[in-house]
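Subject: Structure handover

Hello,

Here is the structure you asked about. Please open it beside this email and follow along.

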Amino acid sequence: MHEKLQELQAHRDAFMKEADNVTDIDQLEAVRVKYLGRKGLIASLFKLIAELPPEVKGVFGKELNRLKNDATEKVESIEAGFKKSNGESGFDPTLPARRPFHGSYHPLTLMEREVRRVFQKMGFTVARGPEVEDIWHNFDALNTPDWHPSRDASDTLYLEDRDGWLLRTETSPIQIRTMQAQQPPIRIVGPGRVFRNDKPDATHSAMFTQVEGLYVDKGVTFADLKGTVLAFYRHIFGSSVKTRFRPHFFPFTEPSAEVDVSCAFCGGKGCRVCKQSGWIEMGGSGMVDPNVFRTVGIDPEVYTGWAFGLGIERLALLLYDVDDIRLFYENDERFLAQFGGRR
Ligand code: DAH
């Protein structure tokens, strides 16, 4: 090998050794200047090429270029290593932290929780039931007469492949299941999805959410129902709302009433929300029918009780000022993100 090439190899070895031995950025800089600086060793070797004999010029030039590239790369990588261990990797610790992406609770979840929370404070526990129900729990046990239109397939979604089964049309079968499973005193709220053969529009959906309430004990009266329902709506809408019980019919309660709440948005004077009536219809209620008690084996001579049912979407539409129920089911993140509610 030509002696100049041997020298070059020796420079390479020396550089590598020196570079490997640096312990800080200043030492590294000194090595860099020595080899790669404008007046450094490699620059001076480039000048030497012209004087070399023609047969080594080519190889020497190639080898020298290789050394220059390798040395540059090595210095850079050692420098990056120092910066990283100094916390100088281009990371700016004064920048605000990136927040981890958080989902948000669905408005119906928030609403249901709020309802549950209020009743739990009043001593109610939460009960659940299946969304696929049998006809007996959904209708028969609830004292629904055979001729009642709600049993019709035009209203109720029956399961085609399983005779006698349907998607529950209301949360009321939760009452039946609870009373079958436990003796009074009973105080439960039963939230859940219900299903009806309805065409969706701004105020209807084939699936929606109800909360059932049931209170059974000795001496429970309609006055308890009125007091509890009023307390609930005052928690929800504010302490100045009033309630109004309008006589109605439900198969499983007698007497039955529909519950109206005075409009919290205009104070009852009449506005867009209450359609100028001053009242908003919220749900059904009544005293548990003795037939229902007998069906589940509770003695109506000993116990009385009341029940109610209300719609979660209805509350959410009002409280969150949403004008189309379908928004709750489309899962458009631009809609959902507005409710935040991180617990
Ligand atoms: N289940 C009724 C409905 O979906 C609502 C209802 C009314 C529930 C009266 C009750 C009640 O518990 O007592 O229309």
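How many cavities of 30 Å³ or more does a search of the whole structure find? The search finds one. Keep in mind that this is a predicted model.

**The cavity**

The volume of this largest cavity is about 60 Å³. Its lining is made up of Phe-119, Val-229, Phe-232, Tyr-233, Val-259, Gly-283, Gly-284, Phe-308, Gly-309 and Leu-310. Three elements give two or more residues each to that lining: helix H8 (222-237), strand E8 (279-288) and strand E9 (304-311). What classes of residue are in the lining? Seven are nonpolar, three are polar and none is charged.

**The second largest pocket**

Now turn to the second largest pocket. About 230 Å³ of space lies in it. The pocket is lined by 14 residues, and Leu-108, Thr-109, Arg-193, Met-207 and Thr-209 are the closest to its centre. Which elements supply at least two residues of this lining each? They are helix H5 (107-121), strand E4 (186-195), strand E5 (207-217) and helix H11 (327-330). By class, this lining has five nonpolar, five polar and four charged residues. Recall that the lining of the largest cavity has no charged residues.

**The ligand**

Next, the ligand. There are 15 residues around it. Those that come nearest are Glu-170, Gln-175, Arg-196, Gln-210 and Glu-212. Two of these place a polar side-chain atom by a ligand oxygen. For Gln-175, the distance from such an atom to an oxygen atom of the ligand is 3.0 Å. For Gln-210, the distance is 2.9 Å. Ala-307 uses its backbone instead: a backbone N or O atom lies 3.2 Å from an oxygen atom of the ligand.

**Salt bridges**

Side chains of opposite charge can pair when their charged atoms come close. How many salt bridges does the structure hold? It holds 21. Here are three pairs to look up, and then a network.

Start with Glu-63 and Arg-66. They form a salt bridge, and their closest N and O atoms are 3.0 Å apart. Both residues sit in helix H4 (residues 54-85). They are three residues apart, which is about one turn of the helix. Are these two buried or exposed? Glu-63 is partly exposed, at 24% relative accessible area. Arg-66 is partly exposed as well, at 38%.

The second pair is Arg-177 and Glu-133. Their salt bridge brings the closest N and O atoms to 2.7 Å. Arg-177 lies in helix H7 (residues 173-181) and Glu-133 in strand E2 (residues 132-134), so this pair ties together parts that are 44 residues apart in sequence. A polar contact of 2.7 Å also joins the side chains of Glu-133 and Arg-177. Is Glu-133 buried or exposed? Glu-133 counts as buried because its relative accessible area is 1%, and buried means under 20%. Arg-177 is partly exposed, with a relative accessible area of 27%.

The third pair is Asp-140 and Arg-151. Their salt bridge has its closest N and O atoms 2.6 Å apart. Both residues are in the loop between helix H6 (135-138) and strand E3 (165-167), 11 residues apart. Asp-140 is partly exposed, at 33% relative accessibility. Arg-151, at 14%, counts as buried.

Finally, the network. Which residues are linked in a network of salt bridges? Look for Arg-244, Arg-246, Glu-258, Asp-260 and Glu-281.

**One more residue**

Take a look at His-137 too. It lies in helix H6. Is His-137 buried or exposed? His-137 counts as buried, since its relative accessibility is 9%. Where is Ser-172 in relation to His-137? The two are 35 residues apart along the chain, and their C-alpha atoms are separated by 8.5 Å.

**Where to begin**

Begin with the cavity and find helix H8, strand E8 and strand E9 around it. Then go to the ligand and pick out Gln-175, Gln-210 and Ala-307. After that, trace the pair of Arg-177 and Glu-133 from helix H7 to strand E2.

Best wishes

Definitions and conventions: Residues numbered from 1 in each chain as written. Predicted model: local features only at pLDDT ≥ 70, side-chain atom pairs only at ≥ 80, totals over all residues. Heavy atoms only, no water. 1 Å grid on protein atoms, 1.4 Å probe; cavity = no way out; pocket = protein on both sides within 12 Å on 5 of 7 lines; lining within 4 Å. Points joined across faces, edges and corners; volume = space filled by probe spheres on them. Helix = DSSP H or I, 4+ residues; strand = E, 2+ residues; numbered from the N terminus. Nonpolar A, V, L, I, M, F, W, Y, C, P; charged D, E, K, R; others polar. Salt bridge = Lys/Arg side-chain N within 4 Å of Asp/Glu carboxyl O. Buried < 20%, exposed > 50% of the residue type's maximum accessible area, 1.4 Å probe, protein only. Near = heavy atom within 4 Å. Polar contact = N/O pair within 3.5 Å; in protein donor to acceptor, adjacent residues only side chain to side chain.
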